[in-house]
Amino acid sequence: MKLNKKTLKIIITVTAILLVATTVGLLAYFNQHRIFVFCQNHGIGKTKSNLEAVTPETEKILMSDMENNPRFTLDQSMMLINTEYTAAEGFDFNIEEYKDTTVYMNSCMLDAYAALSQAVTDKTGKKLYVSSDVRTREEQEALYLEDPKTATLPGASEHESGLCVDVYVAYYAGDAFLKSDAGRFVNSHAHKYGFIIRYPSYGEDSTGIRFEPWHIRYIGQPHAEFIYNNNLTLEQYIEMLEIGKLYQNGEYIISRQFADEGYLSVPKNATEITVSPDNTGAYIITAKINN
Ligand SMILES: [Zn+2]
């Protein structure tokens, strides 16, 4: 069969298009994790918002009276732990075993972790495993002596608090976690369950720690949603909260305060109030309000 010029031109064009399409497809497939990180860093698919300062009616409540009042939950969810604000030696973190697994966590995140881990299985068919949970001061010291470049200074690791876990799925751990659907799901949905990627790819200057897509930290709502959507780090978020001011975020009023002779100011119309020390000397009050 003799090909005329026109047919030959069509064949060459179609082949070229197919080749380019295949190459682009393959490149995109093998770089899914890079494209994912690019989108995360540029806030693609995220909804930016502001914290609005408000002045609701407040009342002063003695912290010791909050302990047995069902309106209050006292936890450790908002503690900032880093090289500047280290965990005090011997600090009594509320550690509990997670569902008879020999994995230990801060008690405030047990339910949230169960929900996240269930969501990972439902959405991706994979089981989420924990590679590192609570570390004692001695364990962190040993890690630090072994590898001071990678391991955090004793006292500066969140792992001591039980407020974080390092997670993975079969065959995808560490940096490779993002190459799995489950890893990308955790990195783009954990905030819905109250977790943040504590050392995000865009936050190295702020946290001093390189991107750890596997290290999830519980802080609860609405903080986790806000940090995710506004590409913040926990350091930046806590710094944003001016001492003594009250901010509204949806159905929550948030406030960072120093205790005044044991008293904290809380919104009068708040029904559920969570109070956590932030480890800088102040407390973060997260109050659900009835509009
Ligand atoms: Zn970790």
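Two residues are in contact here if their C-beta atoms, placed from the backbone, lie within 7 Å. Keep that in mind for the legends below, which all show a predicted model.

**Figure 1. The whole chain, with its 9 helices and 14 strands.**
Let's start with the full view. Along the principal axes, the C-alpha atoms fill a box of roughly 95 × 50 × 35 Å. The chain has 291 residues, and 33% of them count as buried. Now back to contacts: take those between residues at least 6 apart in sequence, and 67% of them turn out to join residues at least 24 apart.

**Figure 2. An open sheet built from 6 strands.**
Going across this sheet, you meet the strands in the order β1-β10-β11-β14-β13-β3. The pairing is mixed. Which strands sit at the edges? They are β1 (52-54) and β3 (72-74), and each of them pairs on one side only. Step from one strand to the next and the twist averages 25 degrees.

**Figure 3. A closer look at β10 and β11, an antiparallel pair.**
Here we zoom in on two strands from the sheet in Figure 2. Strand β10 covers residues 246-249, while strand β11 covers residues 252-257. The two pair in the antiparallel sense over 4 bridges. To find one of the partnerships yourself, pick out leucine 246: its bridge partner in β11 is serine 255.

**Figure 4. A second open sheet, this one with 4 strands.**
The order here is β6-β7-β9-β8, and the pairing is antiparallel. Why do β6 and β8 (195-197) each have a side without a neighbour in the sheet? Both stand at the edges with a single partner strand, so one side of each is left free of a neighbour in the sheet. If you ignore direction, neighbouring strands of this sheet are turned by 45 degrees against each other on average.

**Figure 5. Strand β7 and its two partners, β6 and β9.**
Strand β7 (residues 164-168) is mostly covered. How many of its 5 residues are buried? The count is 4. On one hand, 3 bridges join β7 to strand β6 (residues 129-132), and these two run antiparallel. Look for serine 132, whose bridge partner in β7 is aspartate 166. On the other hand, β7 pairs with strand β9 (residues 215-218), again in the antiparallel sense and over 3 bridges. For this pair, find cysteine 164, which has arginine 217 as its bridge partner in β9.

**Figure 6. Strand β8 beside β9.**
We stay with the 4 strands of Figure 4 and move along to β8. Strands β8 and β9 run antiparallel and are joined by 3 bridges. This time the residues to spot are two isoleucines: isoleucine 197 has isoleucine 216 in β9 as its bridge partner.

**Figure 7. Helices α4 and α6 crossing each other.**
Two packed helices are described by the angle between their axes and the distance between the axes. Helix α4 spans residues 110-124 and helix α6 spans residues 181-189. Their axes come within 10 Å and cross at roughly 130 degrees. That angle makes α4 oblique to α6. The crossing is right-handed. Which residues of α4 and α6 meet? From α4 come Ala119, Val120, Lys123 and Thr124, and from α6 come Asp181, Ala182, Phe185, Val186 and His189. Sorted by class, this contact of α4 with α6 has 5 nonpolar, 2 polar and 2 charged residues.

Notes:
Residues are numbered from 1 along each chain as its sequence is written. This is a predicted model: local features need pLDDT of at least 70, side-chain atom pairs count only at pLDDT 80 or more; totals for chains, interfaces and linings use all residues. A residue is buried if 20 or more other C-beta atoms lie within 10 Å of its own, exposed if 12 or fewer, and partly exposed in between; C-beta atoms are placed from the backbone. Two strands pair if DSSP finds at least two bridges between them. Axes are lines fitted to C-alpha atoms, for helices over the stretch in contact, and angles run from 0 to 180 degrees between N-to-C directions. Angles under 35 degrees count as roughly parallel, over 145 as roughly antiparallel, 65 to 115 as roughly perpendicular and the rest as oblique. A crossing is left-handed if the near helix is turned anticlockwise from the far one by less than a right angle, and right-handed if clockwise. Ala, Val, Leu, Ile, Met, Phe, Trp, Tyr, Cys and Pro count as nonpolar, Asp, Glu, Lys and Arg as charged, and the others, Gly among them, as polar.
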